[in-house]
Amino acid sequence: MYKLRWYLRLWFFNFSNWLRNRPPNMIQQDFKFDLFVSHNAQDIGWVKNVLLPELEVKTKPPFKLCVYSRNWLVGRDIADCITEALALSRKTLLVVTNEFAKSEWCQFELTMAQHRVIETDNDNVVLAVMEDIEPINLNPRLRLMMKRKVYLQWTDDEAGRRLFWERLKQLLRSEGESLVEAMPSTSELQSVLA
């Protein structure tokens, strides 16, 4: 093994590149949900009354959403439920509000979603910013994500809302991108953490 270590490394490198560059239909993974919705408990009204009807009723074919008020079993450990919901969902939607940014559980969900992105090398996290986030509520992790990703912006304008829904549905139908190919530069990381 020691004498062949460089051949093995080269083989592993080529194999991992082959896996990463396979067409999406070759990747066999069944998901129970199209989308896991991470939100603060105070935003449940918008999730139940606006998001769920739009994506599960008005959209054809409908998307399957995982929302903890409906899909998590009572009595289970919350961390286990979050991990399972992320694993069973093709994408994750972070409904970002000031309450989301202040919530420790929402920050945990954000962290777990980012770990899932790293684990699968599939950037499947969608950000929906629902209001202006106060700078005091932005931790470095959320600040970096909002700086690096194009995110959806909720608005009171009717045309803006139509654009929000069209872009969200387009993102849900698309495949995620490779994280390795989209790494931030060192200077970009330093500017966010400074």
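This section describes the fold, a helix packing, selected buried residues and the salt bridges of a predicted model.

The protein chain contains nine helices and five strands. Along the sequence, these elements are arranged in the pattern α-β-α-β-α-α-β-α-α-β-α-β-α-α. Of the 194 residues in the protein chain, 37% are buried. Among contacts with a separation of 6 or more, 74% are between residues 24 or more positions apart.

Helix α2 (residues 44-58) packs against helix α8 (residues 158-173), their axes coming within 11 Å and crossing at roughly 65°. The crossing of α2 and α8 is right-handed. On the α2 side, the contact is made by Trp46, Val50, Leu51, Glu54 and Leu55, and on the α8 side by Phe164, Trp165, Leu168, Lys169 and Leu172. Classified by residue type, the contact of α2 with α8 comprises eight nonpolar and two charged residues, with no polar residue.

Charged side chains of α2 also take part in salt bridges, of which the model has seven. Glu54 and Lys58 meet in a salt bridge with an N to O distance of 3.9 Å. Because these two residues of helix α2 are four residues apart, Lys58 and Glu54 are separated by about one helical turn. Glu54 counts as buried because its relative accessibility is 12%, under the 20% limit, whereas Lys58, at 60%, counts as exposed. Together with Lys169, Glu54 and Lys58 are linked in a network of salt bridges. A further residue of α2, Glu56, forms a salt bridge with Arg70, with the closest N and O atoms 2.7 Å apart. This pair links distant parts of the chain, Glu56 lying in helix α2 and Arg70 in helix α3 (residues 68-71), 14 residues apart. Both partners are partly exposed, Arg70 at 41% relative accessibility and Glu56 at 23%.

A salt bridge between loops is formed by Asp123 and Lys149, whose closest N and O atoms are 3.1 Å apart. Asp123 is in the loop between α6 and β4 (125-129) and Lys149 in the loop between α7 (140-148) and β5 (152-153), so that the pair, 26 residues apart, links distant parts of the chain. Asp123 is partly exposed, with a relative accessible area of 24%, while Lys149 is buried, at 19%.

Two residues of helix α6 were also examined. Glu109 is found in helix α6 (residues 104-120). Glu109 is buried but has no salt bridge, and the nearest side chain of opposite charge, that of Arg141, is 13 Å away. Beyond its neighbours within four places in sequence, Glu109 is in contact with Phe36, Ser38, His39, Tyr68, Trp72 and Ile82. Gln114 likewise has its place in helix α6 and is buried, with a relative accessible area of 17%. With neighbours within four places in sequence set aside, Gln114 is in contact with Arg141 and Met145.

Val96 belongs to strand β3 (residues 89-96) and, at 0% relative accessibility, counts as buried. Excluding residues up to four places away in sequence, Val96 touches Leu127, Ala128, Val129, Met130, Glu131, Ile133 and Leu142. The C-alpha atoms of Val96 and Met146 are separated by 10.0 Å, these residues being 50 residues apart along the chain.

With regard to backbone geometry, most peptide bonds are trans. The peptide bond from Lys60 to Pro61, by contrast, is cis, with omega near -10°. Pro61 is found in the loop between α2 and β2 (65-66).

Notes. Residues numbered from 1 in each chain as written. Predicted model: local features only at pLDDT ≥ 70, side-chain atom pairs only at ≥ 80, totals over all residues. Heavy atoms only, no water. Axes fitted to C-alpha atoms, helices over the stretch in contact; angles between N-to-C directions. Left-handed = near helix turned anticlockwise from the far one by under 90°. Contact = heavy atoms within 4.5 Å. Nonpolar A, V, L, I, M, F, W, Y, C, P; charged D, E, K, R; others polar. Buried < 20%, exposed > 50% of the residue type's maximum accessible area, 1.4 Å probe, protein only. Lys, Arg positive; Asp, Glu negative; His and termini not counted. Salt bridge = Lys/Arg side-chain N within 4 Å of Asp/Glu carboxyl O.
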